[in-house]
Amino acid sequence: MTAATLSTDNAPSLIRLHYLWYVAGALCVMVAAIVSRNIWFLNWVHVMCGILWTGIDLFMGFVLGPIMRTLDISVRKQILLKLTPRTLFLMPTLSIITGTAGWFLAVELGFTALQWPQIAWVYAALVLVTLMTIQGLGYLLPTNLRVCFELQKAQPDGAKIRRLMSGYFYAVAAQGTMQVAIIVVMAKFVSGI
């Protein structure tokens with residue numbers, strides 16, 4: 001049996017609960033960084049997760065996404081069925097850790113005590129990370145799951161997939177734009193407010 005002829009009985013599970021151990025480990029590292037109050041460690045956790053989150057988002061949105069739209073549905077199906085289980089817990093974990101570690105880092109560095117207009121940069125970062133997290137968890141992730149569940153069917157409904165994905169490109173473009181905007185804000189923090 002080839003990969004292209006997988007039946008729904010043999011289709012890989014989209015939800016791999018054993019990946020939750022990795023999530024728990026990553027969250028423990030974040031908590032350790034927060035509790036330690038070590039600026040270097042907290043900054044490392046924030047920057048590393050932010051780089052991974054931003055890099056994966058931009059790669060998937062602007063490199064993989066346009067390629068996937070040109071592929072035959074059977075090839076797209078195989079890629080999504082392998083990609084989704086790997087990113088299902090990864091992307092929400094990265095977004096939550098990046099924002100949480102960033103907030104605690106801002107508090108430790110005194111950025112939350114700044115006066116206007118400097119505090120506007122903190123508010124901008126907070127608004128951007130909140131919007132990206134809500135959009136990722138509230139729209140992008142559920143849409144990916146619904147598409148993948150549809151693709152796991154023996155006869156996927158192409159019209160339903162197109163409907164689900166109709167606004168997806170714009171959401172990914174907005175996510176990418178916000179990722180670049182937050183890099184601008186972070187560069188402002190590093191260079192001095």
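Which element gives the most to the lining of the largest pocket? The answer is α5, with 10 residues. The legends below describe close-up views of a predicted model.

**View 1. The largest pocket and its lining.** The largest pocket holds about 920 Å³ of space. It is lined by 36 residues, and the closest of them to its centre are M60, N144, M165, Y168 and V172. Two or more lining residues come from each of α2, α3 (73-87), α4, α5, α6 (158-165) and α7. Of these elements, α5 contributes the most, 10 residues.

**View 2. Helix α1 and its two faces.** Helix α1 covers residues 20-36, 17 residues in number. At 1.5 Å a residue it should span 24 Å, and its end C-alpha atoms are 24 Å apart, so the expected and computed lengths agree. V23, M30, A33 and I34 are the buried residues shown in α1. They cover an arc of only 100° around the axis, and therefore lie on the same side of the helix. α2 (39-70) and α4 (90-108) are the elements against which the buried residues of α1 pack. On the face turned away from the buried side are the exposed residues W21, C28 and V35.

**View 3. R37, just after α1.** R37 sits in the loop between α1 and α2. R37 is not a glycine, yet its phi is positive, about 55°. Most residues other than glycine have a negative phi. With a relative accessible area of 57%, R37 counts as exposed because that value is over the 50% cut-off.

**View 4. The largest nonpolar core.** This core has 24 residues, and L42, V45, W53, I182 and F189 touch the most other members. The elements giving two or more residues to the core are α1, α2, α4, α5 (119-151) and α7 (168-191). Leaving aside residues up to four places away in sequence, L42 touches A33, I34, A101, F104, L105 and E108. A second, separate core has 10 residues, including L64, M68, L80 and V147. In soluble globular proteins, nonpolar side chains tend to be buried together.

**View 5. Helix α3 and its surroundings.** α3 is made of 15 residues. From its first C-alpha to its last, α3 reaches 20 Å, close to the 21 Å expected at 1.5 Å a residue. The buried residues shown in α3 are K77, Q78, L80, L81, T84, P85 and T87. What covers the buried residues of α3 includes α2, α4 and α5. One of these buried residues, L80, also belongs to the second nonpolar core.

**View 6. The loop between α4 and α5.** P117 is found in this loop, and so is Q118. The peptide bond that joins W116 and P117 is cis, with omega of about 10°. Most peptide bonds are trans. Is Q118 buried, partly exposed or exposed? Q118 has a relative accessible area of 30% and is partly exposed, because this value falls between the cut-offs of 20% and 50%. Q118 and F189 are 71 residues apart in sequence, while their C-alpha atoms are 9.8 Å apart in space. F189 is one of the residues that touch the most other members of the largest nonpolar core.

Technical notes:
Residues are numbered from 1 along each chain as its sequence is written. This is a predicted model: local features need pLDDT of at least 70, side-chain atom pairs count only at pLDDT 80 or more; totals for chains, interfaces and linings use all residues. Side-chain values use heavy atoms; hydrogens and water are left out. Helices (H or I, at least four residues) and strands (E, at least two) are DSSP runs, numbered from the N terminus. The expected span of a helix is 1.5 Å times one less than its number of residues. Buried means under 20% relative accessible area, exposed over 50%, partly exposed in between (1.4 Å probe, protein chains only). The arc is that of the directions from the helix axis to the C-beta atoms. Contact means heavy atoms within 4.5 Å. A nonpolar core is a set of buried Ala, Val, Leu, Ile, Met, Phe, Trp, Tyr and Cys residues joined through side-chain atoms within 4.5 Å. On a 1 Å grid over the protein atoms alone, a cavity is a set of points where a 1.4 Å probe fits but cannot get out, and a pocket is an open set with protein on both sides within 12 Å along at least five of seven lines; lining residues have an atom within 4 Å of a point. Grid points are joined across faces, edges and corners, and a volume is the space filled by probe spheres set on the points.
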